[in-house]
Amino acid sequence: MRRKLGLIPWSLLLCLLFSLSASAADLTGDWIATAPLPDGGSMQLMLRLKQEGAKLTGIVSLSSRDLALQNGQVSGQGFAFTVQTTLGDESRTLSYSGTFNGDEIELSAPPRGTLPPLQYKGRRASAAEVAANWPARIDPPARHDVASNGLAPTPPMGWNSWNHFHRHIDDKTVREIADAMVANGMKDAGYIYVNIDDTWEDSRDAQGNILTNSKFPDMKALAAYVHSKGLKLGIYSSPGTRTCANFEGSYGHEAQDARTYAAWGIDYLKYDWCSASKVYQDSDMPAIYQKMGEALLAAGRPIVYSLCQYGRDNVWEWGPSVGGNLWRTTGDISDTWKSMIKIAFAQEGLEKWAGPGHWNDPDMLEVGNGGMSDEEYRTHMTIWCVLAAPLLAGNDLRSASRATLDILENREVVGVDQDALGKQGHRVLTAANTAVWAKPLAGGGQAVALFNAGSEATTVAVKWSDLGLSGTLQVRDLWAHADRGKVADGFSSQVPPHGVVLIKVKP
Ligand code: GLA
């Protein structure tokens, strides 16, 4: 009897120990993990996991968005899952794997966007960390129209740090870029905005004012320097708590941040949705963008307002009504022919939404970044100009070759983009690998681009009747800077592979 009684507590204890160790060994719960970046920075993510036997579900919460786990499996102390993500314009499956031990976790993340493969180490997240990642929803304001700021009568022109420098941008580099733009003819060609993209932000002070990190010691002094060169300074933020590169966003501080930008002397804001998706639905976008549009107007300084939410929720339909001067129509461009030409030709049909003060933005230029040939970069530049797209160079202008500058600075081609009529071009003809696009110009002429997207040289032709014109037209080749005389009926030209011929026709 005594032996029997003695056994009961022991077996209970064993049971209890077993269940404790089982729950500690279970991945269920919220985790926070950090990975070092090669340049000394770090990336952070959160995991909200639910383990049921060998099955793992939940979400991986990146700085810019939450992604649902797919194919989640647990085996011993190891686990793996995939997520589906959109990079640029392509949907991709990313595979993650890791190990866990009690309250510690390790996770190998595949390369993503501009990031290399990363090794995360983490632990269970505190309630405060969970609340910071998934903040309480601040209800969007009621919708109403924001008055126009009167800016951007033609598509904004300038430079942006992201495509080339990503997070490696600082005060010194921005000053050098401004100097280069004055010295190499970019400023004279019309490129005025010098735009700092993501990664300038630090935390906030006790009053909630946004602080710059050590890369940008004095934003006001930097703005003064850029202005002294006859240029303007742009900056970047997100309506979410975190930017896409996991820096401080403007969530709950919109009016305060707009006042800070104005006080610094900022002339342009790119406002990138990113982590706002952790709080809001796409249908909340108009109201959320309206909030900053109004804050910028109230801040009392002319600030061009650039919406960046990758063309979701038909932004072109409501962009102007929230005070937007331009809005991205696509995911991120990359420096490849495939990415560029896919984005370019996908702009068809959006022409009716663009006009003076409000432009479709197919993303920044990659000209000169090295992933395409000069022929391909001329095609890139041509279609952006025919589209009346904002022209934001995305290369290192301190070391740009003459060939690159000749593409960016071609006055006649830039003139098509900046034409006072402010009409976005449209597709006129498409064949197997060729296309003709036309852009109506002030004074009754048209810019006509003959594209060859194929890998063999070919002849591309257009009839004046395709353009709604007739008779004899004056033709000028804008890349060759050559008059082609008075031409009846139509025009045809041999076009190199991945190349373009851009003409201007005038009755
Ligand atoms: C998003 C934007 C990019 C760039 C990065 C910065 O991906 O679409 O243009 O601003 O964020 O993190």
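Begin by selecting Tyr191 in this predicted model. Beyond its neighbours within four places in sequence, Tyr191 is in contact with Met157, Gly158, Met181, Met186, Leu231, Met381, Leu391, Leu408 and Val414. Displaying these side chains together shows the surroundings of Tyr191.

Next, extend the selection to Trp200, Met219, Tyr261, Met381, Trp384 and Leu397. Together with Tyr191, these residues touch the most other members of the largest nonpolar core, which comprises 91 residues. Colour the model by domain at this point: domain 2 (157–424) and domain 3 (427–506) both contribute residues to this core, and the core therefore lies between them. In soluble globular proteins, nonpolar side chains tend to be buried together.

A separate selection of Leu37, Leu47, Leu56 and Leu94 leads to another core, apart from the 91-residue one. These four are among its 27 residues.

Now turn to the ligand. Which residues come nearest to the ligand? Of the 13 residues around it, these are Asp197, Asp198, Lys270, Asp272 and Asp332. The shell around the ligand divides into 7 nonpolar and 6 charged residues, with no polar ones.

Three side chains in this region merit individual inspection:

- Lys270: a polar side-chain atom lies 2.8 Å from an oxygen atom of the ligand.
- Asp272: a polar side-chain atom is placed 2.9 Å from an oxygen atom of the ligand.
- Arg328: an N or O atom of the side chain is 3.2 Å from an oxygen atom of the ligand.

Finally, display the surface around the ligand. Taken alone, the ligand exposes 310 Å², and the protein buries 93% of that area.

How values were computed. Residues numbered from 1 in each chain as written. Predicted model: local features only at pLDDT ≥ 70, side-chain atom pairs only at ≥ 80, totals over all residues. Heavy atoms only, no water. Core = buried A, V, L, I, M, F, W, Y, C linked by side-chain atoms within 4.5 Å. Buried < 20%, exposed > 50% of the residue type's maximum accessible area, 1.4 Å probe, protein only. Domains from an automatic or database assignment. Contact = heavy atoms within 4.5 Å. Near = heavy atom within 4 Å. Polar contact = N/O pair within 3.5 Å; in protein donor to acceptor, adjacent residues only side chain to side chain. Areas by Shrake-Rupley, 256 points an atom, 1.4 Å probe, with all protein chains shown as cover. Nonpolar A, V, L, I, M, F, W, Y, C, P; charged D, E, K, R; others polar.
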